[in-house]
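Biologist: I'd like to go through this model with you and ask where the labels come from. Can you walk me through the reasoning?

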Amino acid sequence: MRSLLGLICLALMVASGPAHAAESINVVASFSILADMVRNVGGDRVDVTALVGPDGDAHVYAPTPSDAKTVASARLLVVNGFGFEGWMPRLLQASGSKAPIVVATTGITPRQRGGHEDPHAWQSVVNAKIYVGNIREALVAASPSDAATFKANAEAYLAKLDALDREVREAVAKIPQGRRKVISTHGAFGYFADTYGVAFIAPLGVSTDSEPSARDIAAIISQIRAEKIPAVFLENISDPRLIERIAAETGTRVGGTLYSDSLTGEKGQVPTYIDMVRHNIKALTSALAD
């Protein structure tokens with residue numbers, strides 16, 4: 001009987017050891033797109049929280065006391081950089097966090113717009129692959145014992161992003177050259193434009209916390225008429241009234257909604273980064289390929 005009890009105790013000890021060792025890594029990402037990338041690389045070895053959740057606007061986000069607690073408990077913090085999270089230094093100070101910080105845009109040369117760095121580098125799938133590499137290295141450093149898992153997950157995800165990049169290029173190639181220009185709410189698609197050759201004109205700058213002047217709006221309306229720009233687009237994080245006004249005054253088609261700075265919830269149209277890019281390119285080609 002004693003030997004049987006001993007074997008049972010030993011079995012329980014063996015079972016409890018790996019369970020404790022397999023505790024997931026608590027990662028905090030600044031916004032939903034980064035959180036999705038972390039989940040793809042980390043898999044079931046990470047527990048990810050996005051400070052700015054689905055359909056949230058990181059440009060104007062105001063951290064809460066609970067955010068400070070979330071950051072304080074993080075083992076790793078993932079941010080975009082390029083000034084995207086202007087509220088992050090205050091939040092870090094309030095949290096007292098000592099967690100390593102990975103800047104996902106490390107290695108990317110920022111675009112300049114209006115004297116500011118354009119933070120929306122993820123809109124180019126080529127850049128998204130650099131994000132993934134930075135996230136992979138940070139996770140490996142945080143948990144070296146899981147390095148093989150993180151590297152394998154990253155390799156599989158990068159293969160999907162390679163296919164996505166080809167998909168976008170093939171779709172844009174079907175749009176007549178003279179129709180590859182649109183109006184969007186704010187300047188979130190500059191990296192997409194640079195990589196794939198679709199021109200975006202925006203009444204707002206690189207941040208949604210700015211307001212266009214009457215002169216800015218008049219200039220865009222004149223440009224739409226002069227260049228016969230085929231479509232204007234709403235954005236999921238922006239007030240639609242500005243674009244709707246421009247469309248009404250010019251008779252230009254509203255091509256639908258583009259997703260720029262945020263994903264949706266799981267039941268929404270774009271719960272993942274790949275879904276977001278596919279949705280946007282489908283909306284663009286539908287409006288411009290006519």
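Modeller: What follows is a short round of questions about how the labels are earned. Keep in mind that this is a predicted model.

Biologist: Fine. How many helices and strands are there, and how much of the chain is buried?

Modeller: The protein chain has 10 helices and 10 strands. Of its 290 residues, 50% are buried. As for contacts with a separation of 6 or more, 66% come from residues 24 or more positions apart.

Biologist: What makes Phe-82 buried or exposed?

Modeller: The cut-off for buried is under 20% relative accessible area. Phe-82 has 15% relative accessibility, so it counts as buried. You'll find Phe-82 in the loop between strand S3 (76–79) and H4. Its phi is positive, about 60°, although Phe-82 is not a glycine.

Biologist: And why is Asp-55 called partly exposed?

Modeller: Partly exposed covers the range between under 20% and over 50%. Asp-55 comes out at 41% relative accessibility, so partly exposed is the label. Asp-55 lies in the loop between S2 and H3, and it too has a positive phi of about 60° without being a glycine.

Biologist: Let's turn to helix packing. What makes H6 roughly parallel to H10?

Modeller: The two pack at an angle of about 5°, with their axes 10 Å apart. Angles under 35 degrees count as roughly parallel, and therefore H6 is roughly parallel to H10. On the H6 side the contact includes Tyr-157, Leu-161, Leu-164 and Val-168, while the H10 side includes Tyr-273, Ile-274, Val-277 and Ile-281. By class, that contact has 10 nonpolar, 1 polar and 3 charged residues.

Biologist: How do you know that H3 is roughly perpendicular to H4?

Modeller: The axes of helix H3 (residues 65–72) and helix H4 (residues 88–95) cross at roughly 70° and come within 8 Å. The range for roughly perpendicular is 65 to 115 degrees, so H3 is roughly perpendicular to H4. Asp-67, Ala-68, Val-71 and Ala-72 in H3 meet Leu-91, Leu-92, Ala-94 and Ser-95 in H4. The class count for this contact is 6 nonpolar, 1 polar and 1 charged.

Biologist: Back to H6. What span would you expect for H6, and what does it reach?

Modeller: H6 has 27 residues, and at 1.5 Å a residue the expected span is 39 Å. From its first C-alpha to its last, H6 reaches 39 Å, close to that expectation.

Biologist: Which residues of H6 are buried, and what do they pack against?

Modeller: Among the buried ones are Phe-150, Ala-154, Tyr-157, Leu-158, Leu-161, Leu-164 and Val-168. An α-helix has 3.6 residues a turn, so residues three or four places apart point the same way. The buried residues of H6 pack against several elements, including strand S1 (25–31), helix H2 (32–42), helix H5 (125–142) and helix H10 (273–288).

Biologist: Where do the core residues come from, and which have the most contacts?

Modeller: The largest nonpolar core has 76 residues, and those with the most contacts inside it are Met-37, Leu-161, Phe-192, Phe-200, Tyr-273, Met-276 and Leu-284. Helix H6 (residues 147–173) gives the most to this core, with 10 residues. A second, separate core of 12 residues includes Ile-224, Val-232, Leu-242 and Ile-246.

Biologist: What does Tyr-273 touch?

Modeller: Leaving out residues up to four places away in sequence, Tyr-273 touches Met-37, Trp-122, Tyr-157, Leu-161 and Leu-263, among others. Asp-36 and Ser-124 are also among the residues Tyr-273 touches.

Definitions and conventions: Residues numbered from 1 in each chain as written. Predicted model: local features only at pLDDT ≥ 70, side-chain atom pairs only at ≥ 80, totals over all residues. Heavy atoms only, no water. Core = buried A, V, L, I, M, F, W, Y, C linked by side-chain atoms within 4.5 Å. Buried < 20%, exposed > 50% of the residue type's maximum accessible area, 1.4 Å probe, protein only. Helix = DSSP H or I, 4+ residues; strand = E, 2+ residues; numbered from the N terminus. Contact = heavy atoms within 4.5 Å. Axes fitted to C-alpha atoms, helices over the stretch in contact; angles between N-to-C directions. Parallel < 35°, antiparallel > 145°, perpendicular 65-115°, else oblique. Nonpolar A, V, L, I, M, F, W, Y, C, P; charged D, E, K, R; others polar. Expected span 1.5 Å × (residues − 1).
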